[in-house]
Amino acid sequence: MTRQSSTLRSNSPASALARAGLLCWLVSTGCSPPERVDRQHRDGVADAFVPLTRRIEFSFPGNAWLTRREAEEDLDELEWLLEHRYAYLTLRSVDYRAALDSIRAALPDRIARGTFALQLHKLLALFGDGHTLVSDPALETMRGRFLPFLVAESQGRLVAFSGDRKSFLDEQHPFLRKLDGRLLEEWLQVARPTVARGSPQFSRRACLGRLRDIEYLRKELLLPPSDCVQVELESADGASRHTLNLPLSNQRHTSRTGRPGGSDALPLARILPGEIGYLQIYPWLSDSPQFLEGLVSAMGTLRDTRGLVIDLRGNGGGSRAPLRTLFPFFLAPNAPPQVLNVAAYRVGHAYNVLEGRWLYPADWDGWSQAERAAIQTFARGFVPAWPLPCGQFSEWHYFVLSPSTRPECYHYRQPVIILMDSANFSATDIFLGAFKGRHNVTLMGTPSGGGSGRFQSFRLRHSSIQVHLSSMVSFQPGGALYDGNGIQPDVLLEPTSEDLIGKTDSVLDAARRKLRTGRDHE
């Protein structure tokens with residue numbers, strides 16, 4: 001059952017007239033009242049959801065305030081959106097009603113909009129879907145000042161290095177042990193509620209990135225403010241330690257970096273010693289015509305190489321258009337069409353919501369006869385790892401690629417190695433999933449993040465807080481979900497500490513050795 005705004009609940013003639021007038025005005029302006037769930041709410045805060053009720057306060061210009069009633073009505077609206085628009089609502093059996101009621105029970109008479117946004121963000125993180133979150137400028141502002149260096153994982157240890165990624169914080173003591181006298185795992189623990197509980201690799205990487213927001217994390221740990229951070233480092237053998245006191249930074253250093261050969265927006269193609277081709281696609285999978293033509297041009301450059309490395313490390317997603325352009329180069333001209341992704345959208349979204357992902361139902365009139373036959377054959381053996389709740393989703397939609405008829409497209413027959421890491425997400429997951437298990441292709445590196453939700457955005461009526469909710473569930477060809485899993489490499493290789501500052505690239509070196517010798521290691 002749904003209800004309209006609580007200001008319109010009365011059944012008196014005057015209220016009915018007011019309601020009719022408001023509805024006419026909303027329709028005339030192209031708006032409609034938000035629908036809200038009407039149910040009995042539980043009192044008190046459930047133990048499991050205490051972290052959602054923490055009110056972290058920051059002062060910044062323009063921080064508006066909400067009354068308790070306004071916040072309650074936005075909670076009702078969010079609940080309705082979750083129940084009627086969110087694809088992964090029941091995947092992890094989150095007791096979202098108890099979570100919403102816990103936030104409601106702990107509301108003060110007035111709450112800062114940014115504080116409320118953070119609470120909702122923590123709530124959405126429970127679902128484990130990296131596309132579903134609160135996207136709001138207030139959350140950016142509330143971070144305060146930042147850690148003056150970057151942290152990344154290397155073979156089970158955490159490395160501290162400069163924001164420009166050119167040097168360790170301390171050459172003799174590259175590994176980070178403590179901040180402000182507390183072990184790193186304590187900081188990561190308080191960061192977890194703000195990070196989607198997705199795949200282990202996605203959550204770990206996101207928590208490490210959250211360490212940059214040290215002023216926010218100090219508030220979660222109830223630590224006093226300070227203009228500096230105490231950093232305890234240790235040597236590679238663990239025998240020596242060094243402590244630094246560093247001023248906080250006004251800049252939040254980015255975790256993105258270039259790769260050997262540059263980090264231009266366009267694909268980078270070059271030929272390495274031994275006639276090994278190298279194609280770097282970073283930092284995004286763009287759908288611009290220049291980018292797509294750059295891929296075709298790159299493949300022309302790499303046509304006569306003895307093997308090919310496609311470097312996707314650090315690529316966070318984007319469009320499926322580059323996969324549509326590149327994949328046919330690895331299909332024989334007479335190869336059958338390939339079903340590379342299966343999805344269904346949550347009922348309530350537009351019927352064509354998946355067209356932007358080139359996902360169409362089996363009866364779409366745009367399929368060729370061969371593609372239709374491939375879908376029919378595929379569908380008979382497809383078993384999703386998560387059976388979809390009855391009546392809540394559309395029919396299956398399919399992402400299918402066929403050999404290209406473009407004159408520039410040829411069949412690349414040599415061995416291919418694709419380099420990957422946990423930064424790979426969304427469209428890059430789909431890219432990796434398309435090549436996973438293909439003849440002559442090896443995936444090398446660390447598991448991808450795992451995400452393919454096609455989020456849709458909504459603004460809550462009173463707070464104007466924007467929430468992203470995944471509209472579709474998305475499966476790998478073998479039936480596993482992308483979300484919460486990601487793609488596993490065929491050869492697991494983690495970067496070394498010196499890889500992180502650009503002195504070496506051990507993963508690329510291993511790929512070149514494998515292409516030269518056919519072995520993972522020499």
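**Exercise 1. The open sheet**

In what order do the six strands of the open sheet stand, and what is their pairing?

*Solution.* Let us begin with the ground rules. The model is predicted, so local features need pLDDT of at least 70 and side-chain atom pairs count only at pLDDT 80 or more, while totals for chains, interfaces and linings use all residues. Residues are numbered from 1 along each chain as its sequence is written, and side-chain values use heavy atoms, with hydrogens and water left out.

Step 1: know the terms. Helices (H or I, at least four residues) and strands (E, at least two) are DSSP runs, numbered from the N terminus. Two strands pair if DSSP finds at least two bridges between them.

Step 2: read off the order. It is S12-S13-S14-S18-S19-S23, and the pairing is mixed.

Step 3: look at the edges. S12 and S23 (491-492) each have a single partner strand, so one side of each is left without a neighbour in the sheet.

Step 4: zoom in on one pair. S12 and S13 run antiparallel and are joined by five bridges; Ala269 has Leu279 of S13 as its bridge partner. As a reminder, strands of a sheet pair through backbone hydrogen bonds, either parallel or antiparallel.

**Exercise 2. A helix across the sheet**

Work out whether the span of helix H15 agrees with its number of residues, then find what H15 packs against.

*Solution.* Step 1: use the rule. The expected span is 1.5 Å times one less than the number of residues. H15 (residues 506-517) has 12 residues and should span 16 Å; its end C-alpha atoms are 16 Å apart, which agrees.

Step 2: find the buried residues (buried means under 20% relative accessible area, exposed over 50%, partly exposed in between, with a 1.4 Å probe and protein chains only). In H15 they are Val507, Leu508, Ala510, Ala511, Arg512, Lys514 and Leu515.

Step 3: find their neighbours by contact (heavy atoms within 4.5 Å). The buried residues of H15 pack against S12, S13, S14, S18, S19 and helix H14 (497-500).

Step 4: add the direction. Axes are lines fitted to C-alpha atoms, for helices over the stretch in contact, and angles run from 0 to 180 degrees between N-to-C directions. H15 runs at about 165 degrees to S18, and H10, which lies across S12, S13 and S14, runs at about 170 degrees to S13.

**Exercise 3. Unusual backbone spots**

Which residues have a positive phi although they are not glycines, and is each one buried or exposed?

*Solution.* Step 1: recall the background. Most residues other than glycine have a negative phi, and most peptide bonds are trans.

Step 2: take Ser93, with a positive phi of about 55 degrees. Ser93 sits in the loop between helix H3 (68-85) and helix H4 (96-105) and counts as exposed because its relative accessibility is 64%.

Step 3: take Ser426, with a positive phi of about 60 degrees. The loop between S18 and helix H13 (427-435) holds Ser426, which counts as buried at 17% relative accessibility.

Step 4: check a peptide bond too. The one from Tyr282 to Pro283 is cis, with omega near 5 degrees, and Pro283 lies in the loop between S13 and H10.

**Exercise 4. Strand S10 and its partners**

How many residues of strand S10 are buried, and which strands pair with S10?

*Solution.* Step 1: five of the seven residues of S10 (residues 228-234) are buried, so S10 is largely enclosed by the rest of the structure.

Step 2: S8 (residues 175-179) pairs with S10 in the antiparallel sense over four bridges, and Lys178 has Glu232 as its bridge partner.

Step 3: S10 and S11 (residues 241-247) run antiparallel, joined by seven bridges. Six residues lie between the strands of this hairpin, where Gly238 takes a positive phi near 75 degrees.

**Exercise 5. How far to trust the model**

Where does pLDDT stay under 50?

*Solution.* Step 1: pLDDT is the predictor's confidence in each residue, from 0 to 100. The chain averages 91, and 90% of the residues score at least 70.

Step 2: pLDDT stays under 50 over residues 1-31. Over residues 258-264 the pLDDT is also below 50.

Step 3: draw the lesson. Where pLDDT is low, the predicted coordinates should not be read in detail.
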